[in-house]
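Work through the exercises below with the structure open beside you. Try each task before reading its solution.

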Amino acid sequence: MHDSVATIRAEIEENLFRMVGRFPEIATKNDYYLAVAYTVRDRILRRWVRTAKAYFDHSIRTVCYLSAEFLIGPQLGNNLLNLGIFDATKQAVADLGQNLDDLLDQEEEPGLGNGGLGRLAACYMDSLATLEIPAIGYGIRYEFGIFHQEVHDQKQVEKSDRWLRLGYPWEVVRPEITFEVKLGGRTEPYVDATGRYCVRWTPARVVLGTPCDTLVQGYGVGTVNMLRLWKAEATNTFDFEAFNVGDYARAVHDKITSENITKVLYPNDEAEEGKQLRLEQQYFFTSCSLQDMIRIFLQRESSLDGLGRKYVVQLNDTHPALAVAELMRLLVDEHRIDWAKAWMITGSVFAYTNHTLLSEALETWSVELFGRVLPRHLEIVYEINRRFLAEAASRFPNDPDKLRRLSLIDEAGGRRVRMANLACVGSKSVNGVAELHTRLLKETVLRDLHEVWPEKFNNKTNGVTPRRFLLLANPALAELINETIGKAWITDCQKLRELELHAEDPAFRARWREIKQSNKRRLATRLGRFTGLSIDPATMFDIQVKRFHEYKRQHLNVLHILALYRRLKLNTHPYAVPRTVLFGGKAAPGYHAAKLIVRLINAVAELVNNDPETSRRLKVAFFPNFNVKHAQYIYPAADLSEQISLAGKEASGTGNMKFAFNGALTIGTLDGANVEIREEVGAENFFLFGMTADEVRRRKESGYRPREVYERDAELRSVLDFIASGALSHGDPRVFAPLVQSLLERDEYMVLADFAAYLKCQDEVSAAYQDPERWTKMSIQNVARIGKFSSDRAIREYCRDIWRIDPLVIPIE
C-alpha cells in the first residue's frame with residue numbers, strides 16, 4: 001500500500017463514497033474525518049493481519065494487560081504519526097479542501113478512563129507495540145464512558161458522554177466470538193462418574209460478552225497489537241411473547257439489565273445497587289478475557305498445562321483481581337483440572353501492579369454481596385484462603401494477629417473480601433509504581449504479605465509515551481529537538497540528554513521561549529472557545545490538572561491563590577509576577593468533598609477575574625471536561641506544574657512526567673515519582689516544599705492539631721476566615737463550611753501543615769520566573785533529563801524482570 005499524497009487522497013475520496021456514502025459537495029467535517037480514519041485503519045488492519053498470523057505461527061508468548069480503564073485518547077493523529085504518514089495525509093486533506101487540524105478536532109474521545117490509571121494502560125499499550133512485544137489489552141467498552149463534565153453555577157454537573165454518537169471507525173466488532181458470564185444463583189456439590197468431587201453453579205442470569213477490538217499501531221514498526229474491549233449483551237434481547245401481550249417493558253428487560261454492565265465507567269457506588277454493578281463489571285470483563293485467552297490457547301494446544309508459558313497476565317490494580325478466582329473456577333470446574341495443578345498454573349500466569357497507598361482504595365467487597373453475585377467464587381476464595389493461612393501459620397505459629405491481617409477475609413467490622421490480598425496471593429510478582437511507593441507498600445499496607453514473599457515485590461516506576469505527549473502534542477518543540485539532536489529520542493528518550501549542550505546557547509533558548517509562547521497562545525484560544533474566558537499568554541501559566549481528590553490537594557493551591565490575591569490587594573507581594581492559574585479534572589459523582597473543591601475554585605475564579613484591581617496580574621480558570629484531547633493543548637503550554645499531594649499518598653503520578661517532557665518546571669512535594677523526577681532533573685531545577693513521608697507519619701503519630709497551625713499563622717487564618725465568611729458564596733457561610741471545618745478539625749491530608757512552606761516556595765517560583773534566561777535554561781534541562789520516565793523504559797523493565805518476554809519483529813510490507 002503506497003503512502004504518496006496522491007494515493008492517500010484517492011483512498012480518502014474512495015472511502016468517502018464507499019464507507020460514508022457521501023459526495024464532496026455535501027460532505028460534512030465528520031464525513032471527511034471518517035473517510036480519513038478509514039483510510040488510516042485500512043493500513044493498520046493490513047499490518048494487524050500480518051502481526052496476528054506471525055503470533056499464531058510462532059505460538060508466541062503474550063502479555064495480557066487487564067485494566068478497568070484504557071484512556072486511549074483520540075486515535076487519528078497518533079496513528080498518522082506511528083504510520084509515518086502525518087505530513088502526506090495533511091497535504092492530501094488540504095488538496096481536498098479540508099484542514100487536518102479541523103478533522104483531528106472533530107474526533108470524539110472515548111471516555112474509557114478517569115485519570116492516570118487508564119492513561120498509563122494506554123501508554124503501555126503504545127510502548128508494547130512500539131517495542132514489538134506481543135500483547136493484548138483487555139478491558140470494558142463503556143457505552144457512555146466516565147461522564148462529560150460541565151460547570152453550572154460554579155458546580156460540577158455530570159452529563160452522559162456520548163462518544164459513540166457519530167460513529168467510531170477505529171473498532172472492529174467480533175460478534176462471532178461471544179462468552180457466557182454467569183451471575184448470582186446457587187452452587188451445589190456432586191460427585192461425577194469418576195468419583196471426583198465437583199461443584200455445579202446454577203446462575204440466576206447469564207450475560208453475553210462480545211469483543212470490540214481497537215488496533216494499536218507501534219511507532220515506525222510493523223507490529224500492531226490488539227486492545228480488546230468487552231460489551232455486555234443479553235442472551236435474549238427481545239421477549240416476543242411479552243411484547244405480544246402488551247408487556248413492552250418486560251419484552252426488553254433482559255436487554256436493559258444486561259447492557260447496564262457496560263454502560264458507564266465507575267457507576268456511583270453510594271447505593272448498594274451501584275456496588276453490585278461495579279462488582280459485576282469487574283467480574284464480567286475478567287471472565288470474558290480469561291475465556292478468550294483459553295480459546296486462543298486451545299487453537300494450538302490440547303492441554304492447559306502450558307498456559308503460564310503462553311501468557312503472562314498483568315493485573316492493573318485490584319479491579320481485575322477477581323481473575324485469580326475466575327481462572328481457578330475455569331480450570332477446576334470447566335476443564336476438570338485438580339486443585340493443586342490448577343493453583344500452580346494460576347500462580348504462573350498472574351502478576352499484580354498496585355497503584356495506591358490509600359487504605360480505602362484497596363478494594364474490598366462485603367462477603368454478603370460477593371456471595372450473592374458470585375457464589376462459586378466465594379467458595380473458591382475461602383478455599384484459597386484456607387490453604388494460604390495454613391501455610392502462613394506454619395511460618396508464623398504464634399502470631400494470630402498477623403494471620404488475621406494476611407487473611408483474604410477481613411473479619412473486623414463486617415466481613416469483607418480483600419482484593420489486594422487475593423491479587424498478591426495469586427500472583428508471582430507484586431510491583432509498585434515508584435521507588436517511594438514500593439518502599440511504603442512494603443512498610444505499610446502490604447507489609448505482612450511482603451514478609452511472606454519478599455521475593456515477589458519489586459518496583460517499576462511509571463512512564464508516559466513521548467509519541468503522544470511530546471511528538472504529537474507539541475510538534476513545534478519536537479521539530480526543534482529533531483533539528484538539534486536528530487530523531488532517535490522518539491524511541492530512546494535517554495538521547496534527550498544531548499539537549500543539555502544547547503542550554504547555554506542564547507539563540508536556542510530564544511527559540512525555546514518562542515515555542516512556549518506559541519503554545520500558550522494556542523491554549524488561550526482553546527480555553528476562550530470552551531469557557532469564554534480571556535487569559536494573557538504573557539502571564540505565567542501555573543497549571544494543576546488531574547483527578548480531583550483531597551490527597552492531591554487542589555485546595556492547597558486555592559489557599560495560595562487567595563493569599564496571593566490578598567497580597568495583591570494590599571500591595572505587599574514581593575514578586576508580583578502576573579500569573580494565570582489553570583485547573584482541570586473531574587470529581588467522582590459521589591465524592592462530595594472533591595466536588596466542593598471544584599465549586600470553591602470556580603467561586604474564587606469569579607471573585608478574582610472580576611476584580612479590576614487584580615485581574616491583569618492574577619486570573620483563575622477551570623477547564624471543564626479535562627481529557628486527553630484537551631491535555632494535548634495544556635501540557636505544552638504550562639510554565640509551572642503543580643504536583644502538591646501530601647507526601648506518602650500519591651503512588652506515582654504521570655501528569656508530572658507529561659508536564660516535564662514539555663518543559664514545565666515542577667513545584668512539588670517528595671511524593672510518588674516526584675522524588676525520582678527531582679533526582680533526574682536536578683534539585684536546582686525543581687521547586688521543593690513540604691514534609692517528607694516520614695515527617696508526615698511522625699507528625700501524625702505525635703498528634704497533629706490543625707487548629708493550632710491556623711491560630712499561629714495570620715495569613716492562613718485570614719484566608720480560611722475569608723472562605724468561612726461566605727464572601728465566596730454570595731454571603732452564605734454554609735456553602736463552604738464543611739470544607740473549612742474539615743481542614744480545622746481533621747485536615748487528613750495536612751493542607752494547613754504545608755501551607756506556609758508552599759507559599760514560601762511559590763515566592764521562589766515567582767522570583768525565578770522574573771529571570772527568563774534562567775527559567776528557560778531550567779526548562780531545557782528538565783526536558784533533557786526526563787528520559788527515564790518514558791513508558792518504553794518501564795515496559796523494557798517489565799519484560800526483563802516480570803514477563804520474561806522478547807520482541808518479535810514484524811517486517812513492514
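Two exercises follow, each with a worked solution.

The model is predicted, so local features need pLDDT of at least 70 and side-chain atom pairs count only at pLDDT 80 or more, while totals for chains, interfaces and linings use all residues. Residues are numbered from 1 along each chain as its sequence is written, and side-chain values use heavy atoms, with hydrogens and water left out.

**Exercise 1.** Describe the surroundings of Val40.

Solution.
1. Locate the residue: Val40 lies in helix H2, residues 29-58. Helices (H or I, at least four residues) and strands (E, at least two) are DSSP runs, numbered from the N terminus.
2. Check exposure: the relative accessible area of Val40 is 1%. Val40 is therefore buried (under 20% relative accessible area; exposed is over 50%, partly exposed in between; 1.4 Å probe, protein chains only).
3. List contacts (heavy atoms within 4.5 Å): leaving out residues up to four places away in sequence, Val40 touches Leu76, Asn79, Leu80, Leu83 and Trp170.

**Exercise 2.** Find the strands that pair with strand E9 (residues 205-217), including its hairpin partner.

Solution.
1. Apply the criterion: two strands pair if DSSP finds at least two bridges between them.
2. Strand E5 (residues 171-173) runs antiparallel to E9, with three bridges; Val172 has Asp213 as its bridge partner.
3. Strand E6 (residues 179-183) is also antiparallel to E9, through five bridges.
4. Strand E10 (residues 224-234) pairs with E9 over 11 bridges, again antiparallel. Here Gly209 stands opposite Ala232.
5. E9 and E10 make a hairpin with six residues between them.
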